[in-house]
Amino acid sequence: MENPEVAVSSCSAHNDENLCSYRRHLSVSQEGLLEDQLRRKLKFFFMNPCEKFWARGRKPWKLGIQLLKIAMVTIQLVVFGLSNQMVVAFKEENTVAFKHLFLKGYMDRMDDTYAVYTQTDVYDQIFFAINQYLQLPNVSVGNHAYEKRGGEETALAVCQQFYKRGTICPGNDTFDIDPEIVTDCLYIEPVTPLDNTTVGKHNLNFTLDFHRLVTVQLMFNLKAINLQTVRHHELPDCYDFTLTIVFDNKAHSGRIKISLDNDIAIRECKDWHVSGSIQKNTHYMMIFDAFVILTCLASLILCTRSVVKGIRLQREFVSFFLYYYKKEVSLSDQMEFVNGWYILIMVSDVLTIVGSTLKMEIQAKSLTSYDVCSILLGTSTMLVWLGVIRYLGFFQKYNLLILTLRAALPNVMRFCCCAAMIYLGYCFCGWIVLGPYHVKFRSLNMVSECLFSLINGDDMFATFAKMQQKSYLVWLFSRIYLYSFISLFIYMVLSLFIALITDTYETVKHYQQDGFPETELQRFISQCKDLPNSGRYRLEDESSVSLFCCCNGPSEHT
């Protein structure tokens with residue numbers, strides 16, 4: 001019999017890749033041989049790693065790399081998380097320290113209620129903060145210092161914003177005001193000597209017109225070094241703190257709220273020297289990160305190769321069906337060749353490579369993008385662990401969750417779209433009606449969080465109890481609103497959602513016992529009865545023929 005490789009060697013590889021046929025006439029036996037080879041290729045493609053090992057002796061490199069990557073990426077994340085935890089703790093503790101230093105009479109957990117109510121208290125708070133800033137080296141127990149620009153220490157800015165013109169007479173119910181905002185700033189150098197016991201309005205020529213006053217802001221910059229990282233064999237970072245103390249009088253309600261905002265920037269220290277083995281430990285961690293990058297590159301290359309091979313085999317199968325059976329392959333069968341797990345692993349590899357590169361730059365003190373690096377490494381680690389589910393899916397007892405999720409996902413998405421319309425309607429209604437009377441409905445974001453908590457049965461009594469009773473009509477509406485929402489979503493929507501997944505679970509469980517419905521692709525592959533250890537899948541037994549690589553139009557078929 002003529003060799004099939006010779007029989008189709010005249011096909012041109014540059015012709016249409018989807019619609020292919022033969023230029024030469026093939027005998028029935030040759031066509032059957034090619035069809036068996038395609039079935040065998042398809043069956044081998046959909047085997048699990050163990051079956052592929054028995055079929056061709058191929059080592060499960062991707063599985064081994066994924067297991068190695070899980071261990072390495074998790075260790076890398078834990079190490080970075082511990083380092084980042086020190087950064088976060090340093091930021092939070094400095095913010096708390098600044099509130100106690102610059103806000104007179106401040107106590108922990110009183111940010112929402114910290115305010116003043118008299119003019120004397122406003123002046124006392126302002127001059128207390130100014131004096132604390134000027135005396136910072138003597139009062140602070142931290143390593144805080146003034147920011148220097150061009151060799152000079154930066155000044156503290158006291159800026160007040162007020163209406164350009166205004167005459168307000170509440171007793172006569174009259175006012176005359178120009179709503180344009182004017183800003184007036186006063187700058188105080190750190191070298192200015194001030195005595196805390198004698199400072200007053202006359203010292204700085206600073207007065208406030210409370211009838212027109214909108215806000216007062218004290219703005220200044222401080223610097224510090226996070227030395228606690230030295231004990232953990234890491235190089236310290238230098239921190240820039242941009243502090244803003246705001247006296248908010250926008251409401252003109254007789255209550256001026258006071259808040260301190262701390263904008264933090266992490267920078268590389270300009271001149272540093274640390275004795276000991278910190279540099280050596282840093283180099284070891286960078287070598288470990290480089291090994292993680294190489295492992296992820298190997299995983300990315302192997303998964304990309306598998307995806308490309310799957311797409312090529314998909315085109316070959318589609319062309320075969322079109323030529324032999326004059327049928328189009330369904331989209332669901334075509335998507336079987338595109339392995340979503342490989343794409344998930346590829347995305348995790350890219351995120352890990354970028355995140356590891358940023359981590360190395362952070363360790364070398366070239367970058368300080370802790371937040372970006374945390375997002376990249378955290379997401380990549382999550383995807384790496386999710387990717388291992390693919391290999392558990394080869395075992396029937398572990399595959400139930402994956403099959404249920406995949407089967408239920410389309411119906412769940414459609415159900416959620418319908419439920420979201422009802423949910424958004426309640427959000428907008430609650431915000432506009434209950435917002436002025438309930439603290440949990442002041443913004444759309446808070447409304448959504450409150451309603452989502454109610455769906456899960458959290459904080460129900462508090463939501464009812466905190467409703468103000470100033471307006472009986474709104475109070476009555478709130479009861480109807482909350483009772484209807486809870487009844488609708490907990491007793492109907494949530495129950496239907498659970499029933500939808502439960503029904504899919506029972507269907508998948510039934511299919512596992514009695515067999516899943518076969519698609520055309522599965523029926524085609526099932527005609528190949530060769531076992532993995534039969535030796536028929538060895539590469540030397542495979543023909544190097546590339547099926548259907550050539551011209552348009554049907555060839556003669558006998």
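# Exercises on a Predicted Protein Chain

In this predicted model, the protein chain comprises 558 residues, of which 40% are buried.

## Exercise 1: The chain as a whole

Describe the secondary structure, the surface and the contacts of the protein chain.

**Solution.** Begin with the secondary structure: the chain contains 17 helices and nine strands. Next, consider the surface. Its accessible area is about 31800 Å², and carbon and sulfur atoms contribute 60% of that area. Finally, turn to contacts with a separation of 6 or more: 73% of them join residues 24 or more positions apart.

## Exercise 2: Two packed helices

Determine how helices α4 and α10 pack, and which residues make the contact.

**Solution.** Two packed helices are described by the angle between their axes and the distance between those axes. For α4 (residues 61–102) and α10 (residues 340–363), the angle is about 35° and the axes lie 12 Å apart. The crossing of α4 and α10 is left-handed. From α4, the contact draws on Lys 62, Gln 66, Lys 69, Val 73, Gln 76 and Phe 80, while α10 supplies Tyr 342, Ile 345, Ser 348, Asp 349, Thr 352, Ser 356, Lys 359 and Ile 362. Sorted by character, the residues of this contact comprise five nonpolar, five polar and four charged.

## Exercise 3: A salt bridge between α8 and α2

Locate the partners of the salt bridge between Glu 316 and Lys 41, and classify each as buried, partly exposed or exposed.

**Solution.** The structure has eight salt bridges. In the one between the side chains of Glu 316 and Lys 41, the N to O distance is 3.2 Å. Glu 316 belongs to helix α8 (residues 278–325) and Lys 41 to helix α2 (residues 28–45); the two are 275 residues apart, so the pair links distant parts of the chain. A residue counts as buried under 20% relative accessible area. Glu 316, at 13%, is therefore buried. Lys 41, at 26%, is partly exposed.

## Exercise 4: Two further salt bridges

Establish which elements are joined by the salt bridges Glu 180–Lys 164 and Asp 289–Lys 359, and how accessible the partners are.

**Solution.** Take Glu 180 and Lys 164 to begin with: their closest N and O atoms are 3.8 Å apart. Glu 180 lies in strand β6 (residues 174–188) and Lys 164 in strand β5 (residues 156–169), 16 residues apart. Glu 180 is partly exposed at 43% relative accessibility, and Lys 164 is partly exposed at 46%.

Now take Asp 289 and Lys 359, whose side chains meet at 3.0 Å, N to O. This pair connects helix α8 with helix α10 across 70 residues. Both Asp 289 and Lys 359 are buried. Lys 359 is also one of the α10 residues in contact with α4.

Key:
Residues are numbered from 1 along each chain as its sequence is written. This is a predicted model: local features need pLDDT of at least 70, side-chain atom pairs count only at pLDDT 80 or more; totals for chains, interfaces and linings use all residues. Side-chain values use heavy atoms; hydrogens and water are left out. Axes are lines fitted to C-alpha atoms, for helices over the stretch in contact, and angles run from 0 to 180 degrees between N-to-C directions. Helices (H or I, at least four residues) and strands (E, at least two) are DSSP runs, numbered from the N terminus. A crossing is left-handed if the near helix is turned anticlockwise from the far one by less than a right angle, and right-handed if clockwise. Contact means heavy atoms within 4.5 Å. Ala, Val, Leu, Ile, Met, Phe, Trp, Tyr, Cys and Pro count as nonpolar, Asp, Glu, Lys and Arg as charged, and the others, Gly among them, as polar. Buried means under 20% relative accessible area, exposed over 50%, partly exposed in between (1.4 Å probe, protein chains only). Accessible areas come from the Shrake-Rupley method with a 1.4 Å probe; for residues, only the protein chains shown count as cover. A salt bridge is a side-chain nitrogen of Lys or Arg within 4 Å of a carboxyl oxygen of Asp or Glu.
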